[in-house]
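Biologist: Before we discuss the site, please show the model. I should then like to ask on what grounds each term is applied.

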Amino acid sequence: MSDFLRLAEDIAREAGDMLLAKRPTMSEEIETKSSPTDVVTALDKASEELIRERILAARPGDRILGEEGGEEPGDSDVRWVVDPIDGTVNFLYGLPEWAVSIAVEVNGQVVAGVVNLPARGEVYTAALGEGAWLGAERLRCNTGVPLAQALVATGFGYGVSRRAVQGQVVAAVLPRVRDIRRGGSCAIDLCSLAAGRVDAYYERGINPWDYGAAGLVATESGARLEGLHGRPVSPEFAICAAPGLFEELHDLLAAQNPERDA
Ligand code: IPD
Ligand code: CA
């Protein structure tokens with residue numbers, strides 16, 4: 001295991017233990033961000049602070065991008081990409097699908113990723129070129145699944161106009177696939193794909209902290225992760241599935257023009 005991966009895993013486990021111990025009730029004070037449904041709890045911030053402190057203690061000078069605190073300036077080739085809680089709404093409602101996600105990039109390429117699901121006791125890890133793992137189990141995504149039999153995970157943004165388009169897109173996808181899942185965490189959706197618990201995933205509007213670590217878990221399990229029309233994965237669009245299913249789902253989604261919202 002690389003030093004980066006070992007450090008990322010230690011930190012993600014420490015943050016996860018802290019969050020599990022201090023899990024909030026719905027009465028907790030929450031703030032909102034981009035829309036009234038886009039919440040951030042005090043524990044999102046506490047988790048990110050802990051993670052930033054631990055990274056900088058071990059690797060002073062590295063850059064850090066976190067969902068809550070933005071980008072730490074620096075000129076290092078190494079950047080840590082942190083989601084202190086992915087699935088904040090699940091966290092708030094006492095659902096188990098939330099995760100601490102930490103990716104390590106070197107010169108813009110993710111080389112190590114950890115997604116810790118404390119409430120499920122699962123830790124997903126991946127290192128570039130070395131595979132994806134759930135604990136000690138090597139992960140391989142499902143292959144050979146036709147679109148009509150695919151279980152497809154997706155998610156929705158917090159903005160009203162984007163959601164209206166996402167509703168139209170999912171209405172076109174639903175009759176063409178086995179079923180849809182909306183788990184509430186992009187990072188967990190991508191790890192679930194790697195573990196064969198869903199066959200495909202797509203979403204518009206996810207950010208590097210959502211997909212950085214889990215994207216490597218998915219690709220190291222054999223999946224393809226890209227945007228539309230051969231573009232790299234980005235906040236514009238993400239599609240992930242094994243080759244074959246990827247192309248089928250891509251063509252269905254591209255025909256819906258899913259990037260048309262304002
Ligand atoms: C959200 C989750 C959700 C996805 C949203 C993300 P957050 O992240 O990953 O599944 O649909 O696009 O913003 O707000 O829980 O950190
Ligand atoms: Ca997130």
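Biologist: What makes the pair of serine 185 and an oxygen atom of ligand 1 a polar contact?

Modeller: This is a predicted model, in which local features need pLDDT of at least 70, side-chain atom pairs count only at pLDDT 80 or more, and totals for chains, interfaces and linings use all residues. Residues are numbered from 1 along each chain as written, chains are lettered from A and ligands numbered from 1 in written order, and side-chain values use heavy atoms without hydrogens or water. A polar contact is a pair of N or O atoms within 3.5 Å. A backbone N or O atom of serine 185 lies 3.0 Å from an oxygen atom of ligand 1, so the pair meets the definition.

Biologist: Which side-chain N or O atom lies 3.1 Å from an oxygen atom of ligand 1?

Modeller: That atom belongs to glutamate 67. With the solvent-accessible area taken by the Shrake-Rupley method with a 1.4 Å probe, ligand 1 alone exposes 380 Å², of which the protein buries 95%.

Biologist: How many residues surround ligand 1, and by what criterion?

Modeller: There are 16, with Asp86, Gly87, Tyr158, Cys186 and Glu203 the closest; a residue counts if one of its heavy atoms lies within 4 Å.

Biologist: Which residues coordinate the calcium ion (ligand 2)?

Modeller: Glu67 (OE), Asp83 (OD), Asp86 (OD) and Asp210 (OD) do, at 2.1 to 3.0 Å. Donors are N, O and S atoms within 2.8 Å of the metal, or 3.2 Å for Na, K and Ca, and water is absent, so sites may look incomplete.

Biologist: Why is the site of the calcium ion (ligand 2) called irregular?

Modeller: Six donors count as octahedral if opposite donors are over 155 degrees apart and all others between 65 and 115. The angles among its 6 donor atoms run from 58 to 158 degrees, so the site is irregular.

Technical notes. A polar contact is a pair of N or O atoms within 3.5 Å; within protein, one must be able to donate a hydrogen and the other to accept it, and residues adjacent in sequence count only if both atoms are side-chain atoms. Four donors count as tetrahedral if all angles lie between 85 and 135 degrees; four count as square planar and six as octahedral if opposite donors are over 155 degrees apart and all others between 65 and 115; anything else is irregular.
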